Amino acid sequence: MTEILSPTSSGLDRAATLLREGALVAFPTETVYGLGGDARSDRAVARIFEAKGRPSFNPLIVHVPDLAAAHGLVAFNDAAERLAGAFWPGPLTLVLPLRPDSRLSPLVSAGLPTAAVRVPAHPVAQALLRAFGGPVAAPSANPSGRISPTRADHVLAGLSGRIAAVVDGGACAVGLESTIVGFDPDPVLLRPGGVPAEALAACLGLPLRLPRIDAARPNAPGQLDSHYAPAARVTLNVAGRDGREGAVWIGFGPGAAGAELNLSPAGDLVEAAANLFHLLREADRMAGPEGSILVSSVPEKGLGRAINDRLRRAAAPR
Ligand code: TXA
Ligand code: MG
């Protein structure tokens, strides 16, 4: 049975105790719900891979409460310091060289010499990390390849009975995973996400490059094609229903009259990001496994880049 915990001090104490025992606890962050385990415990990290059914070559993000804790795990460069100063706590993950004294389980980084580190802004995530007092490895709390969870009931729909507990902190405000930046040694955008690429470029005074794609050795799940996948077939950039009567249409903006669902009737990208995963789940439920989902086009700027990245993966051939 998966315990449902409230984000009160007693609920968080229980969650921290479970983490100390090596059990898995899902918790809210401002991006999506994370599936947390003690990042120093091989057993806890192995359980994360098992619960998600995740390919073990895919390394995990380590969550810490502040920059000082991150300094204990990875070696920062100047650009990384600058990004952390500007965007932490918040929806940004930095991939940096592991420190030899980090004490992280090697399973967290899947044997790579780097680790992905993030300081979440959500008050419940912050309180849990402080109550636990150590680094927490946490991928999104969904079965591998499926839609990321932005509410506690999404977590339970995919992982109930497979994890010890979920802390219910309501709906996630950002709704898309963190932006991931690596260094080679110049900053590269490994995954578009909750911090728009334009904001990173403004902070660094230069645009971020995209990484070279190597399908045999993915850097981020963003580089695997099918991901965030509903059961129904997804068609993108539709301007109208055009006779597809049985399909469920997810619109964007005021022009999508006749759409069953709308990411943001006002055409606001922040609202659309927050609604994306919930509406994909709703559309999937309405369409059924043999059905089909249509999605209006979303502008390729700001959070729209991350929204389109997730939509392309939802529509990719399986
Ligand atoms: O918003 C988020 O980032 C959420 C919340 C829970 O924090 N987490 C999340 O984790 O999206 P996940 O595991 O679904 O995606 C993180 C991705 C991994 O799939 C992995 O490919 C990449 O980050 N990553 C982790 N460590 C890496 C490393 N050392 N080098 C390159 N990529 C890495
Ligand atoms: Mg994920």
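Let's start with W249: its bridge partner in β14 is L294. That pair belongs to a parallel match, in which 3 bridges join strand β12, residues 248-251, to strand β14, residues 292-295. Please keep in mind as we go that this is a predicted model.

Now zoom out from W249 to the whole sheet. Four strands make up an open sheet, and if you walk across it you meet β11, then β14, then β12, then β13, with parallel pairing. At the edges sit β11 (233-235) and β13 (261-262), each of which pairs on one side only. As a quick reminder, strands of a sheet pair through backbone hydrogen bonds, either parallel or antiparallel.

For the antiparallel kind, come with me to strand β3, residues 33-38. How many of the residues of β3 are buried? The count is 6 of its 6, so we can call the strand mostly covered, taking buried as under 20% relative accessible area. β3 also has pairing partners to look at. Strand β2, residues 25-28, runs antiparallel to β3, and 4 bridges join the two. Together β2 and β3 form a hairpin, with 4 residues between them. If you want a place to put your cursor, P28 stands opposite Y33 in β3. The other pairing I'd like to show you is with strand β7, residues 136-137: here β3 and β7 pair in the antiparallel sense over 2 bridges. Look for D38, whose bridge partner in β7 is V136.

Next, the inside of the model. There is 1 cavity of 30 Å³ or more in the structure. The volume of the largest cavity is about 40 Å³. What lines the largest cavity? You can select T179, L189, P192, G193, V195, P196 and A197, along with G302, R305 and A306. By type, that lining divides into 6 nonpolar residues, 3 polar and 1 charged. And where does the largest cavity lie? It lies between domain 1 (3-204) and domain 2 (233-315), because both of them give residues to its lining.

One last stop, friends: N308. You'll find N308 in helix α9, which covers residues 303-315. Is N308 buried or exposed? Its relative accessible area is 10%, and since the cut-off for buried is under 20%, N308 counts as buried. As for its surroundings, if we set aside the neighbours within four places in sequence, N308 is in contact with V298, P299 and E300.

That's my tour, so over to you for questions.

Key
Residues numbered from 1 in each chain as written. Chains lettered and ligands numbered in written order. Predicted model: local features only at pLDDT ≥ 70, side-chain atom pairs only at ≥ 80, totals over all residues. Heavy atoms only, no water. Buried < 20%, exposed > 50% of the residue type's maximum accessible area, 1.4 Å probe, protein only. Pairing = 2+ DSSP bridges. 1 Å grid on protein atoms, 1.4 Å probe; cavity = no way out; pocket = protein on both sides within 12 Å on 5 of 7 lines; lining within 4 Å. Points joined across faces, edges and corners; volume = space filled by probe spheres on them. Nonpolar A, V, L, I, M, F, W, Y, C, P; charged D, E, K, R; others polar. Domains from an automatic or database assignment. Contact = heavy atoms within 4.5 Å.
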